[in-house]
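Thanks, everyone; I would like to walk through a few local details of one model this morning. Please have the sequence and the structure open while I talk.

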Amino acid sequence: MKKLIVAAALAALAFAAPAKAEEPNAILNVSYDIARELYAEINKAFIAKYKAETGKDLEVKQSHAGSSKQARAILEGLEADVVTFNQVTDVQILSDKGGLVAADWQTRLPNNASPYYSFPSFLVREGNPKGIKDWGDLVREDVKVIFPNPKTSGNARYTYLAAWAYAKEAFQGDETKIHDFIKKLFANVPVFDTGGRGATTTFVERETGDVLITFEAETRAIAKEFGEDKFDLVTPPASLLAEFPVAVVDKVVDKRGSRAIAESYLKFLYSPEGQEIVAQFGNRVHEPNVVERHKADFPEVKLVTVEDVFGGWPKVTKEHFGSDGILDQLFVAR
Amino acid sequence: MPQRRVLPGLPLSLGVTLIYVALIIALPVAAVLLKAMSLSFAEFWNIVTSPRALATYRVTGLSALAATLFNAIFGFAFAWVLVRYDFPGKRLLDTLVDVPFALPTAVAGVTLTALFAKNGWFGAPLAQIGIEVAYTPLGIIIAMIFTSLPFIVRTVQPVLEELDPEFEDAASCLGAGDLDTMRRVILPLLMPALLAGISFAFVRCLGEFGAIIFIAGNQPMSTEITSLLAFIRIEEFDYPGAAAIATVMLLASLTILILTSLAQSWYGRHLTRS
């Protein structure tokens with residue numbers, strides 16, 4: 001009899017659980033500043049696929065701003081089902097500070113949970129009047145460089161690290177020379193906008209600077225939007241791999257009952273269809289067929305990683321980007 | 001005998017006011033101070049006196065001073081014209097003064113940057129004669145002038161309206177020239193209002209963020225303002241650091257406001273005596 005009651009209770013629970021967390025008809029994707037258009041396309045395709053498979057209507061809401069700002073918003077209660085960021089650290093902080101994302105998030109999806117990748121690349125004015133080819137050109141006295149403040153922009157953090165990686169190799173690890181290189185680079189930056197979009201405006205609309213450094217994907221998007229006759233893309237011979245990590249926000253999806261949708265949304269990014277869209281927006285992808293098809297669009301580049309050059313994100317965050325870290329010191333010593 | 005009060009419902013409205021002040025002003029300020037207090041004094045001191053922080057105080061303070069001085073002169077003239085002269089379009093002009101209050105400051109910042117960038121309407125001719133505005137300290141001053149103008153116009157204007165032209169007529173009958181009348185009759189009467197306007201404008205300039213970051217260039221040590229540095233500390237998830245810098249701004253603003261109110265009351269007594 002007792003057993004029966006327990007069984008009944010368990011059965012009731014089993015029934016009650018899914019009833020309580022009925023699948024919602026909308027999920028929220030919280031993402032970085034310059035991915036607005038990309039995810040608008042992705043969402044359209046995913047919603048169609050979801051409708052075809054389940055017969056249900058789904059809405060994918062978008063929220064875009066600086067990646068770290070978004071992470072903070074989530075820590076402070078923004079209910080994101082998934083995050084699609086441009087920095088590993090911004091997902092990691094959700095795991096470290098709030099326990100919102102499970103600690104193993106980077107191994108739950110292929111390629112460190114990054115469905116696509118890019119790297120800091122150059123956009124110059126038509127005909128490349130200053131002849132900018134490589135990172136070394138950026139510290140020349142006649143060159144003005146535009147990128148946002150590495151303190152407020154994930155995008156610019158990659159630029160800073162890529163320049164550092166270049167200098168590290170060029171000067172064989174000589175700290176003083178690397179610091180001088182970065183100081184000179186900063187001295188050539190007339191404006192530090194707080195985010196990627198601001199820097200683009202400064203370069204494109206205000207016609208300030210000779211070269212804009214941002215993700216390769218963004219350089220393509222800008223050239224396409226503002227006129228390919230006005231700007232040239234320059235791919236440096238080497239740069240730093242920029243991963244775009246994605247994660248399901250465990251605490252939120254479990255509460256809202258949206259885990260299945262959220263997971264299939266992220267998996268969609270890895271599907272041939274998703275990868276094709278991502279590649280069309282100028283991001284580099286892993287799916288072999290898509291890579292083959294877009295081969296002509298993506299010049300070869302040697303990419304180093306944060307792990308190789310700096311010993312991983314936690315280390316680089318602490319040493320370079322914290323208050324009074326190396327970046328602050330270089331800013332002051334400039 | 002119970003004290004008689006002219007206003008009905010005073011205890012109630014006083015209570016509402018105190019609750020309002022506590023919830024809307026005191027609580028957020030306390031939260032900032034509390035965050036800053038999680039630091040030891042040495043840590044706090046290190047943060048607020050770092051070379052970079054000192055540079056932002058210099059940039060912000062000097063720019064605010066320049067902008068306020070500019071507005072004290074031209075805002076005063078503006079108010080004078082609005083009160084003492086009649087001309088077509090006066091009502092419209094009067095309304096336009098408030099635009100900086102109504103406009104989101106970020107929008108103002110973007111617009112000013114577009115105007116003053118070296119390919120902008122104002123920026124292009126200025127660049128011709130070698131003056132760069134956008135991305136220099138001058139840009140910061142312009143943004144501050146824009147957002148703080150209404151404070152001076154709107155504090156001086158009502159007092160000027162109350163000031164009967166008969167005072168000026170009397171002065172001139174007694175043989176005072178225009179300058180004398182201005183210096184010895186009008187300015188003393190306007191002083192408290194002008195002083196209040198100047199200090200509001202100055203404090204507003206110190207705290208302005210949205211309008212400035214677009215036009216400033218935001219270069220550490222040269223065109224970085226204090227509120228941006230606080231913002232940067234937040235971006236680093238360094239809340240106590242941000243609160244420490246905010247505390248300095250808060251203290252600076254409070255000190256100025258208190259000094260102004262002391263100066264006003266001293267001036268008031270001084271005026272009645274003489």
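Leaving aside its neighbours within four places in sequence, which residues is B:Leu39 in contact with? This is a predicted model, and in it B:Leu39 is in contact with B:Phe44, B:Ile47, B:Pro240 and B:Ala244. B:Leu39 is placed in the loop between α1 (10-37) and α2 (41-48) of chain B, and with a relative accessibility of 16% B:Leu39 counts as buried, because the cut-off for that is under 20%. From C-alpha to C-alpha, B:Leu39 lies 8.4 Å from B:Gly241, although 202 residues separate the two in sequence.

Staying in chain B, I turn to B:Thr113, which sits in helix α6 (residues 105-116) and is buried, at 2% relative accessible area. The side chain of B:Thr113 reaches the backbone oxygen of B:Phe214 at 3.4 Å, and, not counting residues up to four places away in sequence, B:Thr113 touches B:Tyr135, B:Phe214 and B:Ile215, as well as A:Arg206 from chain A.

Next comes helix α8 of chain B, residues 137-162, whose 26 residues should span 38 Å at 1.5 Å a residue, and the end C-alpha atoms are indeed 38 Å apart. α8(B) nevertheless bends by about 45 degrees at B:Ser148, with a proline, B:Pro150, following within four residues.

Finally, in chain A, the axes of helix α11 (residues 259-270) and helix α12 (residues 272-280) come within 5 Å and cross at roughly 65 degrees. Here A:Phe268, A:Leu269 and A:Tyr270 of α11(A) meet A:Pro272, A:Glu273, A:Gly274 and A:Gln275 of α12(A), a contact made up, by class, of four nonpolar, two polar and one charged residues.

How values were computed: Residues are numbered from 1 along each chain as its sequence is written. Chains are lettered from A and ligands numbered from 1 in the order in which they are written. This is a predicted model: local features need pLDDT of at least 70, side-chain atom pairs count only at pLDDT 80 or more; totals for chains, interfaces and linings use all residues. Side-chain values use heavy atoms; hydrogens and water are left out. Helices (H or I, at least four residues) and strands (E, at least two) are DSSP runs, numbered from the N terminus. The expected span of a helix is 1.5 Å times one less than its number of residues. The bend at a residue is the angle between axes fitted to the seven residues ending there and the seven starting there. Buried means under 20% relative accessible area, exposed over 50%, partly exposed in between (1.4 Å probe, protein chains only). A polar contact is a pair of N or O atoms within 3.5 Å; within protein, one must be able to donate a hydrogen and the other to accept it, and residues adjacent in sequence count only if both atoms are side-chain atoms. Contact means heavy atoms within 4.5 Å. Axes are lines fitted to C-alpha atoms, for helices over the stretch in contact, and angles run from 0 to 180 degrees between N-to-C directions. Ala, Val, Leu, Ile, Met, Phe, Trp, Tyr, Cys and Pro count as nonpolar, Asp, Glu, Lys and Arg as charged, and the others, Gly among them, as polar.
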